[in-house]
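Colleague: Please take a close look at the enclosed space inside this model. I would like to know what lines it, and how the open spaces compare in make-up.

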Amino acid sequence: MVLVNDIYAKDKQELFTNRKKELALIELAINGFLKKGIRKHMAFLGLRRIGKSLILFEYIKRNKEDIIIAYIDLKKTSMEPQFFAVEYIKKILQWALNEKEEDLLVLGNKLKNEGIFNQLNKFLTSLKERDHLKPINFAFSFPEIISLSLNKKIVVCIDEFQEILGMNNYKGINNILDIFRTALQSQSNTLFFITGSIITTMEKICLEEKSALFLHFDKVINLYNFTKEDSFKLMKKTFKREEVDLPKIDILLQIFKLSLGHAFYLTIICEKVIELKKLFNFTIDEILVKKAFLIELTDKNGILYIYFYYIFE
């Protein structure tokens, strides 16, 4: 699939490690969806950069089933309802057709379905009315429309789902989760996988009884840091890619403890160690690992410093 390479960089693909359980659960859900029509929507929760998106990307990359998988990142999508609706529909079409085309009507024309093309034309014309609710309802119904048109079931992956709450600030929306639930309940050919990094908000969305989506996601999966074994696997891949000899086990263990097994922290520390070794021909020992860690954590240009600054801000 061409589009997956636009969201899943080659270097990330090379370093992907484990997450076997999560990938198996996705496969199980899709098999049940395809063979029995059972829809088990799933939510993946975890801190930023822990690997939620990568799990979705890796499954899209590996997928061999005759199914449409669409990916939408709400962090990169405006929550103004009309802009959101256009972007949501465009992403569904791009993934369904495996096309990078940006023009909605050009994409619609490629379906070779006059009925859908006319619906899209009517939708774009209706945006002049400044009615916020109508385009959102059409957008949320669109995956099912595409599925029926192409006679293929569709999986919609929505990254950073909590961002959707921003639409509640617009007139006529009131409760975007209630609108989303109405669409979700009425569709038979659409399965949803969502992720979120603001864990408390996502838990309220999926697990709080007052939420419109309470009990609508059959699996709510919390992603945790890597085990020592998985951390070692990731470190081996990182050093191998940079053509640097793997340090002794006590050094790997030190990096694991400093990173707490968080894949992002672990990778950043390893990369800084490798950089310092290559630049200054340092020996990789405990002192160099501590130096690399402190540079990343305290230097204003350090990746870990920038990351934690973002989190706390």
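Modeller: Start with the lining of the largest cavity. Ile26, Ile30, Leu56, Tyr59, Ile60, Ile69, Val155, Cys157 and Phe193 form it. Keep in mind that this is a predicted model. Three elements give two or more residues each to that lining: α3 (20-36), α4 and β3 (154-159). Of these, α4 gives the most, with three residues. By class, the cavity lining has nine nonpolar residues, no polar ones and no charged ones. The volume of the largest cavity is about 30 Å³. A search of the whole structure finds one cavity of 30 Å³ or more.

Now the open spaces. The largest pocket has a volume of about 1,100 Å³. Its lining counts 42 residues, and Ile7, Arg49, Ser53, Leu54 and Phe57 are the closest to the pocket centre. Helix α4, already met at the cavity, spans residues 52-62 and supplies at least two residues to this pocket as well. So do α1 (4-7), α2 (10-15), β2 (68-73), α5 (81-97), α11 (228-241) and α13 (263-280). By class, the lining of the largest pocket divides into 18 nonpolar, six polar and 18 charged residues. Set that beside the cavity, where no lining residue is charged.

The second largest pocket holds about 180 Å³ of space. Leu47, Arg48, Lys75, Glu160, Gln162, Ser197, Ile198, Ile199, Tyr310 and Ile311 line this pocket. Five of its lining residues are nonpolar, two are polar and three are charged.

Tyr310 and Ile311 of that lining lead to a helix pair. Helix α15 covers residues 303-312, and its axis comes within 4 Å of the axis of helix α14 (residues 286-298). The two axes cross at roughly 40 degrees, which means that α14 is oblique to α15. The crossing of α14 and α15 is right-handed. On the α14 side, Phe293, Glu296, Leu297 and Thr298 make the contact. On the α15 side, Ile303, Leu304, Tyr305 and Phe308 do so. Together, the residues of this contact divide into six nonpolar, one polar and one charged.

Back to your request, then. The largest cavity is lined by nonpolar residues, nine in number, with α4 as the main contributor. The linings of the largest pocket and of the second largest pocket include charged and polar residues too.

Technical notes
Residues numbered from 1 in each chain as written. Predicted model: local features only at pLDDT ≥ 70, side-chain atom pairs only at ≥ 80, totals over all residues. Heavy atoms only, no water. Axes fitted to C-alpha atoms, helices over the stretch in contact; angles between N-to-C directions. Parallel < 35°, antiparallel > 145°, perpendicular 65-115°, else oblique. Left-handed = near helix turned anticlockwise from the far one by under 90°. Contact = heavy atoms within 4.5 Å. Nonpolar A, V, L, I, M, F, W, Y, C, P; charged D, E, K, R; others polar. 1 Å grid on protein atoms, 1.4 Å probe; cavity = no way out; pocket = protein on both sides within 12 Å on 5 of 7 lines; lining within 4 Å. Points joined across faces, edges and corners; volume = space filled by probe spheres on them.
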